[in-house]
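Student: Could you take me through one part of this model closely? I would like to see how its strands are put together, and then look at a pair of helices.

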Amino acid sequence: MDHDNIREIRIDPIVPTQSVLISTARGKRPRQDESPLPRDVREHVEACPFCPGNEHLTPPSIFQIPATQKWDIRIIENLYPILDDAPLSPGISHGIQQAIEGYGHHEVIIDHTNHGIALHQMSEKHLSLIFAVYRDRMLSLYNSDPRIRYILVFKNSGKAAGASISHTHSQLIAMPIVPHNVQDEVQGSLVFYQKNGTCIFCTLIDEAMSLETTTYDRISGKVRQSYETGKYVVERGKQFIAIKPFASRYEWEVHILPIKHQSNFLKVTGEELDDLAWTLRRTMARLKTVAGEVQYNYFLHTEPHIKNSSDCAQSFHWHLEICPRTSIPSGFELGSGLFVNTINPEEAASKLRQAIMQD
Ligand code: AMP
Ligand code: ZN
Ligand code: ZN
């Protein structure tokens, strides 16, 4: 038996129908050089529609900080929206095939005036402001449009993460449905809450912070397995924690959560956001040290905006998922729905934790 390598299917504790194949030997297979394109580090690009001075190349600001000409962060309508409030087609149905209208709002948040700045290079004050802008814009969209059930905030950074524009930016898509990835987490954590009376995310945070957890065989009472779970912690702020998920889908995937139970991102305070900014900046700097300039997505999962959402106020826990895109999903992943991760999550967490940060 090869002790250095693991090959196991890990079940996601929150969404048990979602599993990940951790196969470290697979990471050793010969591959053609897939080294990603270097990040565009230019501060200003003459032809970039998101660079200051080129505001005429985009729709006008919906919101900007500060409100004067010289902005630090601005929100604009996406010129090529995925969802829009101008209907193109009514909801149709053909027998058992049904469609609902692609209604919604798609906006771009230009995070920073500096074209090529990376998150770990931004000041904590600025990072905190970006998340305050997300929160305030979400609140105002929910207040003005009763049809919206969920607003997904996400960031694509780099071509491998689906970005078509290299200027740092994030986006939000407000939609009339709750997307199923969110619904699955809401449902999975509700099931856990009904069974155990606690939030599964809080439980995972507690386990991650304690040094060891032991699982016992329920029938014989014998120790089944002993994990050193403290090893999942990547970074710990005063109010936020960055954790490497046990069933990480991506090699360098990290989640950031408020340590104290909070189901709704909309209730986050400015002071909490300052600590989120601290935790996020350090996490991104660790990623840079260990994995280089990774291309990544991040997205926010929070309580959906539905009338009976108080149903999940105790069981759901908002969080930010950071998914560095170091490999391209293959036919196996598409066909099976099983993600393949070639780095042992415990080892990845340990490397991230020990990283000497450069910035
Ligand atoms: P990404 O594809 O992740 O890089 O996101 C960039 C987004 O900006 C895309 O969804 C585009 O539809 C949108 N976009 C591109 N050019 C403009 C523009 N001039 N004004 C507003 N949105 C734009
Ligand atoms: Zn630019
Ligand atoms: Zn919780």
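Tutor: Happy to! Let's begin with a term: two strands count as paired if DSSP finds at least two bridges between them. Keep in mind that this is a predicted model.

Now to the strands. β2, residues 19–23, is joined to β17 by 3 bridges, and the two run parallel. One residue to pick out on your screen is L21, whose bridge partner in β17 is V340. Stepping back, this pairing belongs to an open sheet of 3 strands, ordered β1-β2-β17, with mixed pairing. β1 (7–11) and β17 (339–341) are the edge strands; each has a single partner strand, so one side of each lacks a neighbour in the sheet. Going from one strand to the next, the twist averages 25°.

Next, the helices. Helix α1 covers residues 124–144 and helix α4 covers residues 270–291; their axes come within 8 Å and cross at roughly 120°. An angle from 65 to 115 degrees would count as roughly perpendicular and one over 145 as roughly antiparallel, and α1 and α4 are therefore oblique to each other. The crossing of α1 past α4 is right-handed. On the α1 side, the contact is made by E124, L127, S128, F131 and A132. From α4 come G270, L273, D274, L276, A277, W278, L280 and R281. Sorted by class, this contact between α1 and α4 has 8 nonpolar, 2 polar and 3 charged residues.

How values were computed: Residues are numbered from 1 along each chain as its sequence is written. Chains are lettered from A and ligands numbered from 1 in the order in which they are written. This is a predicted model: local features need pLDDT of at least 70, side-chain atom pairs count only at pLDDT 80 or more; totals for chains, interfaces and linings use all residues. Axes are lines fitted to C-alpha atoms, for helices over the stretch in contact, and angles run from 0 to 180 degrees between N-to-C directions. Helices (H or I, at least four residues) and strands (E, at least two) are DSSP runs, numbered from the N terminus. Angles under 35 degrees count as roughly parallel, over 145 as roughly antiparallel, 65 to 115 as roughly perpendicular and the rest as oblique. A crossing is left-handed if the near helix is turned anticlockwise from the far one by less than a right angle, and right-handed if clockwise. Two residues are in contact if their C-beta atoms, placed from the backbone, lie within 7 Å. Ala, Val, Leu, Ile, Met, Phe, Trp, Tyr, Cys and Pro count as nonpolar, Asp, Glu, Lys and Arg as charged, and the others, Gly among them, as polar.
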